[in-house]
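Me: Please take a close look at a single part of this protein and describe it in connected prose. I would like each term explained where it is used, with its cut-offs.

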Amino acid sequence: MEGKFEADGVKVTPVMQQYLRIKAEHPDKLLFYRMGDFYELFFADAEKAARLLDITLTARGHSGGAPIPMAGVPFHAAEQYLGKLVRLGESVAICEQIGDPQQSKGPVERKVMRIVTPGTLTDTLLLAEKQDCLLLALVSGNARIGLAWLNLASGALRLMECDPGHLTEELERLRPAEILVADGSSAPAPAAAVPCVRLAPWHFDVASGTQALQRQLGVVDLAAFGCAGLEPALGAVGALLHYASQTQGHSALAHVQSVTVEADSLYVQLDAASRRNLEITESLRASDRDASGPTLFSLLDVCTTLMGSRLLRHWLHHPLREPTEPNERCRAIAALLEQDGRFTALEGVRPTLKNLADVERVTARIALKSARPRDLAGLRDTLGRLPAVCAKLGPELCRAPLLEGVRKVLAEPTAVFALLTRAVAAEPAHQVREGNVIAPGFDAELDELRGLSENAGSYLVELEARERLRTGIANLRVEFNRVHGYYIEVTHGQTDKVPDDYRRRQTLKNAERYITPELKAFEDKALSAQDRALAREKLLYESILNELGAEVVRLQAIARALATLDALGALAERAQTLQWQPAQLCTDPVLHIEAGRHPVVEEQLRQGSVSYTPNDCQLDSQRKLLLITGPNMGGKSTFMRQTALIVLLAYVGSYVPARSARIGPIDRIFTRIGASDDLAGGRSTFMVEMTEAATILNQATARSLVLMDEIGRGTSTFDGLALAWAIARALIEQNRCYTLFATHYFELTQLAIEFPEVANVHLKAIQHREEIVFLHAVEPGPASQSYGLEVARLAGVPGSVIRAARRRLAVLEAAASDRSNQLDLFAPSQEGNGAAGSVPDLAAAPADPWPEALRAELQALEPDQLTPRQALDLLYRLKGLLPDGSPE
């Protein structure tokens, strides 16, 4: 940390002593210290803030003979600076003036009222609109890691335990904004990009965590919530609740009223690589988490509310393994798409959801007593529109249980709307301190105080008329300004007519200003009325928030119902617009997709008026692995990704981009597509590739979907080929998972001869003269060639380089042909019982290493019809199968 905060015996001012005392309580946070209209920062905080926020660094006074560094931001613009700091991973303690400067003999009393950290944001200006902000705590147990995470902006609290090997996967799924760990613990370190706060180990005590959760939920036993035995998770939740409460000024987290326990078996699992490769919410083209690009979420998010967008995002990252709820969502989408005359039900529902307030986050701010007047106005207007929403959820729609549940929640009457209609002004000010927040007629005392201020104008006009008549001064004026208050102004030429009860208040160049006892009495009453009115409004506003606090659970239910309806409406609109169809989730071990398309690529092509080529994918218990060959740019990776996305969408409950889809149980989706090095972790591209492959081989089951793209390309040809061959065999024989295996190693296509579960397919391309045309159609059988030089030419490689490569290719092929001719695969057997040029009698060999299918293939070959490539392919296969010491 830059600089020093200790006084070290050096005499400092009382204000600076107060600052140093408060700063010592928050040494790891920037301290925003309120002084008048600014939040000031001192010492190292000032230097750091000046650098991060690009604000001016100045100095104030001296400490130890050196000027004290100082920087500041205006209090009315503080939110934009706070937003920048939390995005940089910083935490800020907000210290407010709580004492009255007029009555303070020393420094004004100050206190830290809230702490802003990356994981505890609730303010609209600081939060990402369409992404949840999660605070997560983790702690190691006996071979298990306990996780607890809280969305403070909604009140959702969840727990789970996982194996240490799955922690990275869970962190990628949750994407927390801030992580809490015990100081000195052995818990695996989270990603460096996520701010990590280390707390004293006692914060993670299991007994204390259990008691904290019981107090939070108002129960004496957690068994009903499924928390029994989750000791590491209970330790984590204790630290989580304490930290979250501390950031809110130790206030109760009244909106956290339940806890959900998650399990590994609840969702279709996706590891970090799969979420990245499938571009669910982040494009591979993006340079950071906030960068934009075409993604599955950006394609589907046509939600009309921010609540709906966040829920849709959550659904996409949490496809459900059990098909019941996805089927219910699919049924609701079907109901929304039913025709009612010329229109669908969807066209009636979606307009009613436009311009609704973010009820979820407003409710959280109500519970935390931080809701602003316009939050309440927006909530009032939204609640007033619920009957119109319910009216569109007619009997036909409510045959879908999910939509009927939404209708019941929204139709239930609530006292909140009536209270807000009576209490909150039609267009309230931004802040309570500005006044005009409480509606007229809500409070008689406030109305009277306002009347004193608002009627001042008519009183002054009447007083001015009386004084002109009394004094005979025709140009006498009664006016007001903020510096001198109310006054009577008389020009110098008329001052001889001024009555004796006029008291001089100010002398100007051309006039005198006076005050009278009557005007002074009115001034005292009117000015104090304004202050008293503001104080009364503040008191009334706090009482309204307290009254609304009793309705938090009801408001949360309304928020969930609106978000669900909006997310379902978005999926229905996309299904209608993009011509998607419902998938059939079944219990059979199948993955049958007819005319599937990649949703994001298809949309990008459509914008360019190019049609997408759909393809089938057929996998089942008898056909487990598709070995995909074809040229680069032919569409292999796109075909693989579209299959995974269709599976994911089906288990989300969405319609899918296919003519039809029948999908059996899926427990995990793995992808090994593309790779880059990990310089920070000291891992090469090939090491990253092998690490991802190892994860798949160790975790994939018979119900997993695996995408393998060009495995082994990061090392030498023979090493890569050997690894690809061995990995493919392991996936077939041991994991037995559904696999799409793309490769340029043509030798691997022979696996289809050895294993009936393997089928060769290829992406079709044709060559006309020197031009190559990619048809992007998946067809049976292996590819005939790779078209590598043609693709290089399309990429812009200079013609001279292409010609040189073509000449070198001819030399290499000729050399390969010579070597294959020298290899006498068809020589007579050593026993002399084979005719010259015939295939050796492999059946007579004492140790028969050749599979039956390979022996039959060899016996059917005509030697003079072998191409050099086929001969080399046979050589590789024979060398791999011959036992040590066998003649080659």
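Reply: What follows is a walk through one sheet, the helix that lies across it and a residue in a loop beside it.

The model is predicted, so local features need pLDDT of at least 70 and side-chain atom pairs count only at pLDDT 80 or more, whereas totals for chains, interfaces and linings use all residues. Residues are numbered from 1 along each chain as its sequence is written, and side-chain values use heavy atoms, with hydrogens and water left out.

The sheet is open and is built from seven strands in the order 13-25-26-27-23-28-29, with mixed pairing. Helices (H or I, at least four residues) and strands (E, at least two) are DSSP runs numbered from the N terminus, and two strands pair if DSSP finds at least two bridges between them. At the edges stand strand 13 (269-270) and strand 29 (771-780), and because each has a single partner strand, one side of each is left without a neighbour in the sheet. For strand 13 that pairing is with strand 25 (residues 668-672), in the parallel sense and over two bridges; within it, glutamine 269 has arginine 668 of strand 25 as its bridge partner.

Helix 24 (residues 717-735) lies across four of these strands, namely strand 23 (625-629), strand 26 (704-709), strand 27 (738-742) and strand 28 (758-768). The helix runs at about 165 degrees to strand 27, where axes are lines fitted to C-alpha atoms, for helices over the stretch in contact, and angles run from 0 to 180 degrees between N-to-C directions.

Between strand 27 and helix 25 (751-754) there is a loop, and threonine 743 lies in it. Threonine 743 counts as buried because its relative accessibility is 1%, the term buried meaning under 20% relative accessible area, with exposed meaning over 50% and partly exposed in between (1.4 Å probe, protein chains only). If neighbours within four places in sequence are left aside, threonine 743 is in contact (heavy atoms within 4.5 Å) with Leu627, Ile628, Thr629 and Leu748. A polar atom of the threonine 743 side chain also lies 2.9 Å from the backbone nitrogen of tyrosine 745.

Terms used:
A polar contact is a pair of N or O atoms within 3.5 Å; within protein, one must be able to donate a hydrogen and the other to accept it, and residues adjacent in sequence count only if both atoms are side-chain atoms.
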